[in-house]
Structure formats: C-alpha cells, structure tokens
Amino acid sequence: MTDHHKFRYLLPPGNNFNFVSKFKAWIVVSILLMIVAIGSLFVNKAVRGDYMNWTTDFKGGTDIIYAFKTKGGASYTKVDSGKVRDILSNAGEKGFDVSDIGWEEKTDPNAPAVHIDGMLIRTPRFSALRPEDEIAAVAELRKKFADRDILTATWSGDRLFVTSKKPIKNAEAGPVFKAAAANLELKPWTDKERERYETQDQTSGEYSQQFGMWGLDRQFQQLLQSKLDNTDVLVSQSYGVGAKAGDKLRDDAAKSIIYSIFLIMLYLAFRFDIRYAPGAAFATIHDAIMVIGVFSVTWTEVSLTSVAGLLTVMGYSVNDTVIVFDRIRENQAKLKDKKIERIIDISINEMLVRTILTSSTVFATTLIMNIFGTGVVKEFAFAMNVGVIVGTYSSIFLAAPLFMWISRKYYSGPAPARRRYAPIESASSNASTGSNASDASDASDAPASDE
C-alpha cells in the first residue's frame, strides 16, 4: 500500500468566494477611509500646527558629523549608533536621526588615506537654546547681576544682547548661564570683543555686551564625551538645512508620487489595454492616501525614507494588481461564454492563495524590521507594513471593480461575429440543448485553486 503525502492547503481546492457581490460595500468603505485620512491632515494643521510630523529632511534643521578617537590616542574608532541614539534620547532630544557615515581622510601626506567611521546626527533644532533655556538664562542673569542695572536682555540665535548701566564681564556671566541650563556654555571673548564690551558708551553712559553660546555641535559633543567611555568626540562638520530646502524636497516628493501614478497608468495601457489603467491608478492613489493617513493619525515622523517606502508600496500594489488583471485577461479568452462578473470572481479566487502567501511573507519581514529596527529602517518598515495591507486589499476590492464597471459600460457590445453568423443547424442545435449547456457551464464555474 502506497502512503500518500497529505498536503495542508491554506484554502481548500476549488474555493469559490463571491467577491463581486461585495464590491459596492467595500468601495464605499474605501472612500470613507480616504476622506478620514485627508481630513486628519487638516486636523493636524489646526491642532499641531503642521499637516504631518516632518523631519529635518522637510522642515530644516542642523546636520552634524562627528568622528571618534580612542581616548588620548591618535587612532580612529567606531561607535555604535544605537548607543548614541540612546544618549540623545535620555538627554531629552526629540525628532533627531542618527546614522553611520564613513569617509577617507589623508592625515599624513606621506601615508595612505585613513578610513574614518563617523556619525551623522540630524536634528530639527537650529540653536543650542530651547525657548525655556532662553527664559531661564535671562531670569538668572537679572537675578545674579541685579546691582548692574540691566536695561535690556534679548536673544538672537545663540547670542544674548545685554544693555546695562554697569559692565558684566564674560568670566562672571559664564557660571550664570551654566546654572540656568546645564547645556549652555559661554564662548570666551576675544581681546577686541573684551575691549569693546567693557567700554562705556559716551553718549548714553550704557554698556552694550554680547554673550555668545557654543552651538549644537559643541553641545552634543560635550554630551557624547561625558557618556562614551574611553572615547574622544571630534566635530568634523556642522551645517544648517534651511526650511526652503525642506519645502523643495517636499514638493519633489509629491511630484515623484504623481509621476509614478501616471507612468503606472501608461504601462498598463500598453501592457493590457486602456480599460485596466483607471482601476490600477485608483487603487494606487488609494494606497498612497491610506499610508499618508496612517502616518498623519499616528503622528509618525515623515522623512525621505518614508517617501521611499511609500513609492515601494505603490510598486508592490501595482504588481499585485497586474497579476490579478493578467489572470482576468487569460480567463476572458478561455471562458468566452461567461459574464465579466463571473470571470472576475473566478480569477480572484484562483489568485487568492498566491496573494495571501506573498503578502503575508512581505508583511512578516517588514514587521520584524518595524519592531526591532531603529531610525530610517523603522520608518521604511512602518510604511511597508501599512502599504502591504492596503495594497493587497485594493488590488481585489478597488482595481477589479473599476475594471468591471468600465468593461460593462463601454465594452459590452453585440455578440462576436462568429456567433452572429453561425450556421442555422448549429444555432438550432444549440437552442435545443441550451438549458443543459448552461447548467454544465454553471457547474464548471468553480475555479481551480493555485495551491
């Protein structure tokens, strides 16, 4: 007796779910969800002050590159980015991003270039001072030097402009700023600055002084230096990214999404025919809006990596839609005696197991990345998690219904010529056996499973 291997099917062979009858309900649900997603953007604008939680990629900030050396040594070393991320988080920093960066540097003209493993920190802050730090510093300064008759104390960037009746020396002010906020470190005056700031104005009799704070690069440097064991932290480069550059990136990201939708429609128009394109385009727009809506509702940070994830989701969704469309086209050629609604039901049922297995695999992979990943990896994985769900759904319940509506409205013409001009004998024979043929046709409607 031969033992037969028992294969466990995900779905039983010959599954025959009725998808077409549920199309209208799912389209209504989809439209309502799209309205909610778009509405959440305006709610965020009214409540939080911006449509989405943009990172420094879009709203500007400061980029700082650090290098690391062994304490007291000349050799460069590599620091774990996760450790740097934890240090900044514990210090109360928000909205920042940490990533590894490497470059070659020639430290000795007679020696080969040295590879340096550095760190890029991107923060939405432009200044080392937070608003609360500015208020606390001014209050502490006025309290400490009440005998100096301070007239005005105004911040401009990282510099405090003070006008007083009596002079305040730089060395005296340093501890005051440090006491007001632990991260404020006063820059020393140069000889020319000291002479100018400690000289009384002959007209008004006042002293005009400027106290400059070290910037974010120095602030983060001191913070990392105190937390990293046996490591010297060096500032390699520091520069600000303006809001205008962020606006341009945001516009370019929106354009890339629009261009991709247009090219998808063009591809489907040539790959199949024009009636397939609107369904795929609507499904793709739906997926993009839903992913954006989830980012908006959860107030998740949106970076260029998130945009890359969104474009990947759109490509994945189109791939799934094309596979369903391809099966519909094949069945249209094979099942000429059936209505378009039945052909669509058969085609989706035939591709259902393949769709579930593929989507589940991608979702599980990106879910692990989302749970255990950090930084840009987590942002990309989150977009993919949401996109796999809505992309799989839209391929079945949005793309196929629109294709069906276009086919019924514009492509349901008279019967093919081969039927119109069939021989009389054949026609009468068909008429006499029509009911039996119809029953047989209906009995054979159940699609074969792909397992």
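How do strand β2 and strand β4 pair, and over how many bridges? Residues 61-70 form β2, residues 114-123 form β4, and the two run in the antiparallel sense with five bridges between them. Please keep in mind as you read that this is a predicted model. The tour below starts with that sheet, moves on to a hairpin and the salt bridges, and ends with the nonpolar cores.

**The four-stranded sheet**

- Strands β2 and β4 belong to an open sheet of four strands, whose order is β3-β4-β2-β8 and whose pairing is antiparallel.
- At the edges you will find β3 (97-105) and β8 (231-241), each of which pairs on one side only.
- On average, neighbouring strands in this sheet are turned by 30° against each other, if direction is ignored.
- Helix α3 (residues 81-90) packs on the sheet, where it touches β3 and β4. The direction of α3 makes about 130° with that of β3.
- For a landmark in the pairing of β2 with β4, look at T62, which has T123 in β4 as its bridge partner.
- The pairing of β3 with β4 is also antiparallel, and it runs over nine bridges.
- In β4, I116 is the residue that stands opposite W103.

**The β5-β6 hairpin**

- Strand β5 (residues 150-156) pairs with strand β6 (residues 159-164) in the antiparallel sense, and six bridges join them.
- I150 has S164 in β6 as its bridge partner.
- Two residues lie between the strands of this hairpin, and G157 takes a positive phi near 70° there.

**Salt bridges across the chain**

- The model holds 12 salt bridges by the rule used here.
- One of them joins R125 to E93, with 2.5 Å between the closest N and O atoms. This pair links distant parts of the chain: R125 sits in the loop between β4 and α4 (131-144), while E93 sits in the loop between α3 and β3, 32 residues apart.
- Are R125 and E93 buried or exposed? R125 counts as buried because its relative accessibility is 13%, and E93 counts as buried because its relative accessibility is 8%.
- Another salt bridge brings together the side chains of R218 and E185, at 2.8 Å from N to O. R218 lies in helix α7 (residues 216-227) and E185 in the loop between α5 (170-180) and α6 (191-197), so this pair ties together parts that are 33 residues apart in sequence.
- R218 is partly exposed, with 23% relative accessibility, and E185 is partly exposed, also with 23%.

**Around D147, R148 and K166**

- D147, R148 and E172 are joined into one network by salt bridges that share partners.
- Within this network, the side chains of D147 and R148 meet at 3.6 Å, N to O.
- D147 counts as partly exposed at 47% relative accessibility, whereas R148 is buried at 15%.
- K166 has its place in the loop between β6 and α5, and with a relative accessible area of 43% K166 is partly exposed.
- Which residues does K166 touch, not counting those up to four places away in sequence? K166 touches D147, R148 and Y207.
- Along the chain, K166 and D147 are 19 residues apart, and their C-alpha atoms are separated by 8.2 Å.

**The nonpolar cores**

- In soluble globular proteins, nonpolar side chains tend to be buried together.
- The largest nonpolar core here has 30 residues, and those with the most contacts inside it are F23, F325, I328, I344 and I348.
- At least two residues of this core come from each of α8 (243-271), α9 (277-298), α10 (304-334), α11 (340-372) and α12 (375-410).
- Which helix gives the most to this core? That is α12, with eight residues.
- F325 is a good place to zoom in: leaving aside neighbours within four places in sequence, F325 is in contact with F272, Y276, A280, A399, A400 and F403.
- Another core, of 27 residues, lies apart from the largest one, and M34, A288, V291 and V390 are among its members.

Definitions and conventions
Residues numbered from 1 in each chain as written. Predicted model: local features only at pLDDT ≥ 70, side-chain atom pairs only at ≥ 80, totals over all residues. Heavy atoms only, no water. Core = buried A, V, L, I, M, F, W, Y, C linked by side-chain atoms within 4.5 Å. Buried < 20%, exposed > 50% of the residue type's maximum accessible area, 1.4 Å probe, protein only. Contact = heavy atoms within 4.5 Å. Pairing = 2+ DSSP bridges. Axes fitted to C-alpha atoms, helices over the stretch in contact; angles between N-to-C directions. Salt bridge = Lys/Arg side-chain N within 4 Å of Asp/Glu carboxyl O.
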